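Let's take a walk through this one together, starting with a charged residue and working outward. Keep the sequence and the 3D view open as you read.

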Amino acid sequence: MPRFYFNILSEAGSLDDWEGTELADLEAARVEAVRDARALMSSAVLLGYDISSRSVEIRNETGDILLVLPFSEAVKRVG
């Protein structure tokens, strides 16, 4: 099973995922990124912060960028 890495991108820089997660395919990784973005935004809103301008960058094991999902899209997407 492939391993995907979920880095959080903001204006200040990136928070890199060094462990990664094994998932079936890129679609499963996209669903995971949506869930992660929603959870992070929910926590931030409870503290009074708007982090909707951030993104999740999904990379594969060789470091290739497979997908960049803006947090704002996570609100609109199903999954």
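**Starting at a salt bridge**

Arg3 has a relative accessibility of 23%, so it counts as partly exposed, since buried would mean under 20%. Bear in mind that you're looking at a predicted model. The side chain of Arg3 meets that of Glu22 in a salt bridge, with N to O at 3.4 Å. Follow the chain between the two and you'll see that this pair links distant parts of it: Arg3 sits in strand β1 and Glu22 in strand β3, 19 residues apart. Glu22 is partly exposed too, with a relative accessible area of 45%.

Now for the overall layout. The chain has two helices and five strands, and if you read along the sequence they come in the pattern β-β-β-α-β-β-α. The radius of gyration is 12 Å, close to the 12 Å that the globule rule gives for 79 residues, so the chain is as compact as a globular protein of that length. Along the principal axes, the C-alpha atoms fill a box of roughly 40 × 30 × 15 Å. Of the 79 residues, 30% count as buried. Among contacts with a separation of 6 or more, 48% are between residues 24 or more positions apart.

Strand β1 is a good place to see how the strands fit together. β1 (residues 3–10) pairs with β2 (residues 13–15) in the antiparallel sense over three bridges, and Ile8 has Leu15 as its bridge partner in β2. These two strands form a hairpin, with two residues between them. Ala12 is in that loop between β1 and β2. Is Ala12 buried or exposed? With a relative accessible area of 81%, Ala12 is exposed, because that is over 50%. The C-alpha atom of Ala12 is 9.9 Å from that of Arg54, which lies 42 residues away along the chain.

β1 has other partners as well. Two bridges join β1 to β3 (residues 21–22), and the two strands run antiparallel; one of the matches is Phe4 with Thr21. Then there's β4, which is joined to β1 by five bridges, again antiparallel. Here the bridge partner of Phe6 is Ile58.

That last pair leads straight into the interior. The largest nonpolar core has 16 residues, and the ones that touch the most other members are Phe6, Val56, Ile58 and Phe71. The elements giving two or more residues to this core are β1, α1 (26–46), β4 and α2 (71–76). Which element supplies the largest share of this core? That would be α1, with six residues.

Pick out Phe71 to see how some of these pieces meet. Leaving aside residues up to four places away in sequence, Phe71 touches Ile8, Ala37, Leu40, Met41, Ile51, Ser52, Arg54, Ser55 and Val56. Click through that list and you'll also come across Val56, one of the well-connected core members that touch the most others.

Back to the charges. The structure holds three salt bridges, and the Arg3 and Glu22 pair is one of them. Another joins Arg30 to Glu27, the closest N and O atoms being 2.8 Å apart. Because Arg30 and Glu27 are three residues apart in helix α1, about one helical turn separates them. Arg30 is buried, with a relative accessible area of 12%, whereas Glu27, at 44%, counts as partly exposed.

There's also a salt bridge between the side chains of Glu57 and Arg59, with N to O at 2.8 Å. Glu57 lies in strand β4 (residues 55–59). Why does Glu57 count as buried? Its relative accessibility is 8%, so it falls under the 20% cut-off. Arg59 is partly exposed, with a relative accessible area of 24%. Beyond residues up to four places away in sequence, Glu57 touches Tyr5, Phe6, Asn7, Leu9, Ile65, Leu67 and Val68. Phe6 turns up here again: it touches Glu57, pairs with Ile58 in β4, and is among the core residues that touch the most other members.

Terms used:
Residues numbered from 1 in each chain as written. Predicted model: local features only at pLDDT ≥ 70, side-chain atom pairs only at ≥ 80, totals over all residues. Heavy atoms only, no water. Helix = DSSP H or I, 4+ residues; strand = E, 2+ residues; numbered from the N terminus. Buried < 20%, exposed > 50% of the residue type's maximum accessible area, 1.4 Å probe, protein only. Contact = heavy atoms within 4.5 Å. Pairing = 2+ DSSP bridges. Core = buried A, V, L, I, M, F, W, Y, C linked by side-chain atoms within 4.5 Å. Salt bridge = Lys/Arg side-chain N within 4 Å of Asp/Glu carboxyl O. Rg over C-alpha atoms; globule rule 2.2 N^0.38 Å.
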